[in-house]
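The following exchange examines how certain structural terms apply to a predicted model. Each answer sets a computed value against the criterion behind the term.

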Amino acid sequence: AKHFSNTGEVLETSIFCRDGFILEPNDPACAKPAEVIDAQGLYLFPGLVDLHVHFREPGQEYKEDIASGTRAAVAGGVTACVTMPNTKPVADQASVIAFMQKKAEANAVARVYPTGSVSKDLRGEELSEMGLMAEQGIVAVTDDGKAVANSDLLRKGMDYAKRFDLMVMDHCEDPDLKGVMNEGVMSWPLGLAGQATPAEAIIVARDILMAEFLDLPIYLQHISSEQSVALIREAKARGVKVYAETCPHYFSLTEDACAGYNTAAKVNPPLKREEDRLAICEALKDGTLDVISTDHAPHEDDAKDVPFAQAANGLIGLETSLALGYTNLVKKGYLTLFELVEKMSTIPAEILRLPHGRLDPGMPADFCLFDPDEKWAWKAENRASKSRNTPFEGMTLQGHVKATWVAGKKVYTC
């Protein structure tokens, strides 16, 4: 298989692994491999690292659980998943994290890294038990689903998280600017309450200023607007420690996907204008946006098969993220294939200091085989996720994950 060096050079050398780790090429075990996999014509990537998924366990296992969520992950080449804390009960204390770790150890086919909440019960009023959760293994703190709207609590949360070598990941959306989709030319004829576009940028600006004041890093989640991109680009230019992610739906779709009251395209923050989509693509190209994550948010059919205003926010994305990146970023010239893999594997692993994202000797043998030439249509009936809430149903994509390994064990094949 082809694979990339750490500088982006395409290599066609063999990769050997044993006992769950990648071997040095001169290791004696490489001379007599027990199994040989011929992947000629395909690319071998380090397993993707998704810093933003919702697996719904505990409390809403009818939407998704750790077992089904990680099956969806490996079907998309994702081998490490950072889970959000808006479970029921909220992951705001060590006992909930311990439960999730136990479930992952028993049922997961990909690696699961929980986050804990910034505030108790996501209320934005009182800090969570970060220290005890850190002892249990959380990798960051976030109130995802809600912004940490109270600026004083954000400051205290960033300071407190630093004591445990954790970073705050913030959902960027002003809760006082409400709406069920983006305010504009699509919301008006549909008669739906629109959210003013600055709702995201207001929190982005506040978070940047706080990070600059405290000289601490902050991670901005699911960036979707041209305004936010401009603020992040300026902040990085003056040395603010800010990391930012976007998601495949923000570089692939616009508010037009909501036409006909299509609740499959109802997400939070909402899809925006074509100008915003293009700004997201350019920000990925110039490095303003560091990471592509999915914000995989499964919902049962009944949560979406209701009037648009009452429908749940979110879509599933683990099984389509790499193909959407290849189709809409690589094929359209915004990123090289190497740069796409960096933003979906290497860079996210580096940001949260996870031992993944490279095919170096000594690294965990987590990788996937990718066929860049295969065209396919995603069908919900063939999904691994429990849920099927996606606006990409039937869409023709290019690039397909053919197989995935975790710790040297094949966990998915197409």
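**The largest cavity and three parallel strands**

The lining of the largest cavity consists of Ala-75, Gly-76, Glu-319, Leu-322, Ala-323, Phe-370, Trp-376, Gly-399, His-400 and Val-401.

Q: Which elements give two or more residues to the lining of the largest cavity?
A: These elements are α11 (321-330), β16 (367-377) and β17 (396-406). The largest share, 3 residues, comes from β17.

Q: What makes a residue of this lining count as nonpolar, polar or charged?
A: Ala, Val, Leu, Phe and Trp count as nonpolar, Glu as charged, and Gly as polar. The lining therefore divides into 6 nonpolar, 3 polar and 1 charged residues.

Q: What is the volume of the largest cavity?
A: Its volume is about 40 Å³. The search of the whole structure used a threshold of 30 Å³ or more and found 5 cavities.

Q: Why is strand β6 (residues 48-53) called mostly covered?
A: A residue is buried if its relative accessible area is under 20%. In β6, 6 of 6 residues are buried, so the strand is described as mostly covered.

Q: What makes β6 and β7 a pair?
A: Pairing requires at least two bridges. β6 and β7 have 4 bridges in the parallel sense, so they qualify. Leu-48 stands opposite Val-78 in β7, and the chain passes from β6 to β7 through helix α1 (residues 66-75) in a right-handed β-α-β crossover.

Q: How do you know that β7 (residues 78-83) pairs with β8 (residues 111-114)?
A: The two parallel strands are joined by 4 bridges, and the criterion is at least two, so they pair. Val-82 has Tyr-113 in β8 as its bridge partner.

How values were computed:
Residues are numbered from 1 along each chain as its sequence is written. This is a predicted model: local features need pLDDT of at least 70, side-chain atom pairs count only at pLDDT 80 or more; totals for chains, interfaces and linings use all residues. Side-chain values use heavy atoms; hydrogens and water are left out. Buried means under 20% relative accessible area, exposed over 50%, partly exposed in between (1.4 Å probe, protein chains only). A crossover is right-handed if, with the strands pointing away from the viewer, the path from the first strand over the helix to the second runs clockwise. On a 1 Å grid over the protein atoms alone, a cavity is a set of points where a 1.4 Å probe fits but cannot get out, and a pocket is an open set with protein on both sides within 12 Å along at least five of seven lines; lining residues have an atom within 4 Å of a point. Grid points are joined across faces, edges and corners, and a volume is the space filled by probe spheres set on the points.
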